[in-house]
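Student: I am new to this structure and would be grateful for a close look at one part of it, namely the sheet and what packs against it. Could you take me through that part step by step?

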Amino acid sequence: MSYHLRQALLAMRGNLTATFATLMTMTLTLLMLGFVLLLTLNVNRTLSQLESQVEVAAFLREGADGPLLLTQVRALPQVREATLVTSEQVLNEMTRDYPYARDAAELAGNPFPDTLRMRVSRVEDSRAVARAVGTLAGVEDVEYGAGYVDQTVRTLTAVRGAGYALVGLLLLGTLFNILNAVRVAMYARRQEISVMRLLGATRGFIRMPHVIEGLILGVTAAALALALLTPTYLELAERVGLFAPVFPVVRDLPTLLPILGAVGGLGVVIGLFGSLFASRRYLRELE
């Protein structure tokens with residue numbers, strides 16, 4: 001093993017530019033991947049919080065069969081919870097916030113209709129539920145905060161999709177860099193490899209230094225990425241928490257550790273399997 005390790009270090013030193021480029025690309029890729037995963041985690045938590053707050057309200061016409069409509073909306077698969085609130089209950093709620101609402105109702109009558117209040121399984125379902133409930137007989141109007149719910153969902157979904165696309169491109173670029181670095185290293189040692197093959201060296205013996213090289217690059221890139229990512233994210237999370245406390249930024253370590261561990265593990269996996277694939281492929285070319 002010491003021979004293979006020494007050969008791997010010599011190969012890295014002999015191709016310093018390619019090694020450095022690969023290391024930087026892997027580090028930046030893992031860094032971006034980590035940020036995107038953490039961003040996605042926060043987007044998902046924001047969507048969950050939004051789901052718990054978004055309510056679809058259906059205002060019923062006078063004389064509408066409220067219990068029947070309640071049964072119908074509960075049958076919708078997207079509806080997680082539904083309740084029927086009578087006009088008197090709505091008036092009581094409004095009176096708590098606006099004490100003069102009761103006096104106004106006594107003079108002009110209760111202006112609030114019976115209302116069906118629904119919570120959806122996913123915030124993206126709000127529009128579909130509102131559209132379906134709006135077609136039921138006895139429903140006069142439906143409100144679900146379309147002005148901000150639709151825009152928020154579109155923005156968060158776009159951010160998440162763009163992040164995944166960016167990470168995919170970066171991972172692809174990293175893989176090509178590893179392939180190129182291993183190819184350059186094997187090409188530089190082509191005469192040595194030919195001699196080793198003539199002396200009966202196995203493919204595994206020849207490939208081992210390159211596999212170790214990929215592993216070293218993966219571990220180093222993962223360590224650098226985590227060393228930059230962890231304190232930077234915690235600092236950003238603290239600032240966001242101070243200036244925009246409405247966003248539920250994830251800062252608890254039990255939730256963050258699996259993602260940080262996945263980023264580190266992915267660096268090792270990319271380095272190991274990238275070098276395995278590249279060394280096997282280019283060894284065949286040299287033969």
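Tutor: Two strands are said to pair if DSSP finds at least two bridges between them. Helices (H or I, at least four residues) and strands (E, at least two) are themselves DSSP runs, numbered from the N terminus. The model is predicted, so local features need pLDDT of at least 70 and side-chain atom pairs count only at pLDDT 80 or more, whereas totals for chains, interfaces and linings use all residues. Residues are numbered from 1 along each chain as its sequence is written, and side-chain values use heavy atoms, with hydrogens and water left out.

With these terms in place, the sheet can be described. It is an open sheet of 4 strands in the order β2-β3-β1-β4, with antiparallel pairing. Its edge strands are β2 (79-85) and β4 (139-143), each of which pairs on one side only. From one strand to the next, the twist averages 20°; axes here are lines fitted to C-alpha atoms, for helices over the stretch in contact, and angles run from 0 to 180 degrees between N-to-C directions. Strands of a sheet pair through backbone hydrogen bonds, either parallel or antiparallel.

Consider each pairing in turn. Strand β1 (residues 56-60) is joined to β3 by 4 bridges, and the two run antiparallel. Along this pairing, Val 56 has Met 118 of β3 as its bridge partner, Ala 57 has Arg 117, and Ala 58 stands opposite Leu 116. On the way to the edge strand β4, β1 is joined by 4 further antiparallel bridges to β4, where Val 139 is the bridge partner of Leu 60. Between β2 and β3 there are 6 bridges, again antiparallel; one of the partnerships is that of Glu 81 with Arg 119 in β3.

Burial comes next: a residue is buried under 20% relative accessible area, exposed over 50%, and partly exposed in between (1.4 Å probe, protein chains only). In β1, 4 of the 5 residues are buried, so this strand is largely enclosed by the rest of the structure.

Thr 115 gives a view of the sheet from a single residue. It belongs to strand β3 (residues 115-120) and is buried, with a relative accessible area of 4%. A polar atom of its side chain lies 3.1 Å from the backbone oxygen of Pro 113. This is a polar contact, that is, a pair of N or O atoms within 3.5 Å; within protein, one must be able to donate a hydrogen and the other to accept it, and residues adjacent in sequence count only if both atoms are side-chain atoms. Contact in general means heavy atoms within 4.5 Å. Leaving aside neighbours within four places in sequence, the residues in contact with Thr 115 include Ala 57, Phe 59, Thr 83 and Val 90.

Two helices lie against the strands. Helix α3 (residues 66-74) packs on the sheet and touches β1, β2, β3 and β4, its direction making about 170° with that of β2. Helix α4 (residues 87-97) lies across β2 and β3 and runs at about 90° to β2.

Helix α3 deserves further attention. Its buried residues include Gly 66, Leu 69, Leu 70 and Val 73. Seen down the axis of α3, the buried residues fall within an arc of 105°, so they line one face of the helix; the arc is that of the directions from the helix axis to the C-beta atoms. What covers them includes β1, β2, β3, β4 and α6 (126-134). The face turned away from this buried side carries the exposed residues Pro 67 and Thr 71. At the N-terminal end, Asp 65 caps α3, with a side-chain oxygen 3.3 Å from the backbone nitrogen of Leu 68.

These elements meet in a nonpolar core, defined as a set of buried Ala, Val, Leu, Ile, Met, Phe, Trp, Tyr and Cys residues joined through side-chain atoms within 4.5 Å. The largest such core has 17 residues, and those with the most contacts inside it are Val 56, Leu 116, Met 118 and Val 133. At least two residues of this core come from each of β1, α3, β2, β3, α6 and β4. Not counting residues up to four places away in sequence, Leu 116 touches, among others, Val 56, Leu 60, Leu 69, Leu 70, Val 73 and Leu 84.
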